[in-house]
Number of protein chains: 2
Amino acid sequence: MNTRKNSGGASAVATTPAAGGAAAGRTVRRAASSGSASERREHLVKLAAELFARKGFQATTVRQIADEAGILSGSLYHHFDSKESIVDEVLSTFLHDLIGRYRSALDGGGDARAVLSEMVRIGFGTLEPHRAAITVMQNDWNYLRSLPGDRFDYLIKAEDEVERMWVGQIKRGQAEGALRPDVDPKLTYRMIRDAIWVAVRWFRPGGRLNPAALSEHYITVLFDGLATGERTSHPA
Amino acid sequence: MNTRKNSGGASAVATTPAAGGAAAGRTVRRAASSGSASERREHLVKLAAELFARKGFQATTVRQIADEAGILSGSLYHHFDSKESIVDEVLSTFLHDLIGRYRSALDGGGDARAVLSEMVRIGFGTLEPHRAAITVMQNDWNYLRSLPGDRFDYLIKAEDEVERMWVGQIKRGQAEGALRPDVDPKLTYRMIRDAIWVAVRWFRPGGRLNPAALSEHYITVLFDGLATGERTSHPA
DNA sequence: GTCTATAGTTTGATAGAC
DNA sequence: GTCTATCAAACTATAGAC
């Protein structure tokens, strides 16, 4: 996924927390994060992710990222190989977390409707911790995919795996008779997925609608359309 | 909306078709479009829109646009003030058309469910003719909105007007008893809107799914969740 | 781990000949 | 309406001092 320049990593937890040198560090403009090197790195990735989300990957310059961190642009290259490797880390961290959560939901068992409901909750649940990453993934997907090389091929791999999980549950629900058989599983998956993820455009943490309320609303609307039962029309 | 450099315009139809000079034009690499000046302009906008959609507005250079048209980058500035004015024309043309179609649907009358169904069809109906513009609007919305000045304020104005139309119909449907009253109208509008527009990411003209089939699928799923009737659960 | 300084490209846009 | 030629600015990334 991403090539790291120094040791340690964002997702790796069992790294030596041997404290950052910080021998020089003159004006120390950076607020907190006087912790380990990996914490510092994580902090920089987070700052960059916010900028990428707000202005777009291309429109965000390494100078702006460095400014936000209180250092000069050249200093960023002590932590990262390139601007691309930063966005790489933003996206792969998110996808790693997301897929892990989905797997847990599938392992948890339950009928198709219960699992699918849980997957909706997971989707909305990532809106808050991964808002910036989700925004970047949507807005800059085409651009990143258009870059030469196979660096961002894992985006497709992750997308495919997620699709398999959703479609599998939808088909199971249809086979068990819990979901109406006259809808296209793949198209239905896309419809749900799109409606959830694009919510990142208008979702604001602390706003009128929290992720839990959003989930229940969407689940209600969705299943009273998906579940079998008395309906106004029931096409072949 | 957009400031044009020369006379004539994309949406204006009653323009003198006084034929493009084309006195010099050496190798004339441009395929067809030996018509009026406004046709030539429209053609350039279309080429640019495709590039913007594929790589993103920022990542598309004026040189690439010119290449695609078979001219040099400097020559583009005979037709447009700036790169921004090109994307401006892409988006304003689309929004003009979209809002016009919505207004017709509202004027057509009918009950809320019928009007809303028609609005869904309109949404999917624009996917084919305005695929590039819709893609640009979604991917580069944040960036364009972040630019200094009020040039792209009309994006917000158009968004607001569209929201008023949708929410108005949803509320009317609830008042008339055709739609379940326990859903939030604004949130429901967003859910529908998001699901429709994001389809532009995977929709391909001539593919397995045409806009008409998509519309009916979405309408079926949506209304059997929105319409009143026997339901598994019916929260307060 | 940050700074200074800068190399090497690429970009959007302009001026004037034809 | 396009080309030639070019400018000024901005960009990513690097090298080496501290």
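Here is a short back-and-forth about a predicted model with two protein chains, A and B, and DNA strand C.

Q: What makes A:E118 and A:R121 a salt bridge?
A: The cut-off is a Lys or Arg side-chain nitrogen within 4 Å of an Asp or Glu carboxyl oxygen. For A:E118 and A:R121 the closest N and O atoms are 3.3 Å apart, so the pair qualifies. Both residues sit in helix α5 (residues 112–127) of chain A, three residues apart, which is about one turn of the helix. Over all chains, the structure holds 32 salt bridges.

Q: How do you know that B:D184 and A:R208 form a salt bridge?
A: Run the same test: the closest N and O atoms of B:D184 and A:R208 are 2.8 Å apart, and the limit is 4 Å, so the pair passes. This one links the two chains, and the rule finds four salt bridges across the interface of chain A and chain B. Polar contacts between the chains add up to twelve residue pairs, with both partners at pLDDT 80 or more. On chain A's side, α1 (37–55), α6 (131–146), α8 (185–197) and α9 (211–226) each supply at least two of the residues that touch chain B. That side divides into 17 nonpolar, twelve polar and 14 charged residues.

Q: How do you know that chain A and chain B are in contact?
A: Contact calls for heavy atoms within 4.5 Å, and 43 residues of chain A meet that against 43 residues of chain B. In terms of area, the two chains bury about 3800 Å² between them, with 56% of it on carbon and sulfur atoms. A:L187, A:M191 and A:D224 supply 17% of what chain A buries against chain B, more than any other three residues.

Q: Why are the two copies said to be related as by a two-fold rotation axis?
A: Look at the superposition: a rotation of 180 degrees, with 0.0 Å of shift along its axis, puts chain A on chain B at an RMSD of 0.0 Å. The copies are therefore related as by a two-fold rotation axis. The same surface serves both, as 100% of the contact residues of chain A recur in chain B.

Q: What makes B:Y77 a polar contact of DNA strand C?
A: The limit is 3.5 Å between N or O atoms, and a side-chain N or O atom of B:Y77 is 2.6 Å from a phosphate oxygen of DNA strand C, so B:Y77 counts. A:R40 also makes the cut, with a polar side-chain atom 3.0 Å from a phosphate oxygen of the strand. B:V62 does it through a backbone N or O atom, 3.0 Å from a phosphate oxygen. In chain B, α2 (62–69) and α3 (73–76) are the elements that give two or more residues to the surface near DNA strand C.

Q: Which residues are closest to DNA strand C?
A: Of the 18 residues that surround the strand, the closest are A:L72, A:H79, B:T61, B:Y77 and B:K83. Sugar and phosphate make up 65% of the strand's atoms that come within 4 Å of the protein. The residues of this surface divide into four nonpolar, eight polar and six charged.

Technical notes:
Residues are numbered from 1 along each chain as its sequence is written. Chains are lettered from A and ligands numbered from 1 in the order in which they are written. This is a predicted model: local features need pLDDT of at least 70, side-chain atom pairs count only at pLDDT 80 or more; totals for chains, interfaces and linings use all residues. Side-chain values use heavy atoms; hydrogens and water are left out. A residue is near a molecule or strand if one of its heavy atoms lies within 4 Å of it. A polar contact is a pair of N or O atoms within 3.5 Å; within protein, one must be able to donate a hydrogen and the other to accept it, and residues adjacent in sequence count only if both atoms are side-chain atoms. Helices (H or I, at least four residues) and strands (E, at least two) are DSSP runs, numbered from the N terminus. Ala, Val, Leu, Ile, Met, Phe, Trp, Tyr, Cys and Pro count as nonpolar, Asp, Glu, Lys and Arg as charged, and the others, Gly among them, as polar. Buried area is the accessible area (1.4 Å probe) that two parts lose on being put together, summed over both. Copies are superposed by least squares on the C-alpha atoms of residues with pLDDT of at least 70 in both.
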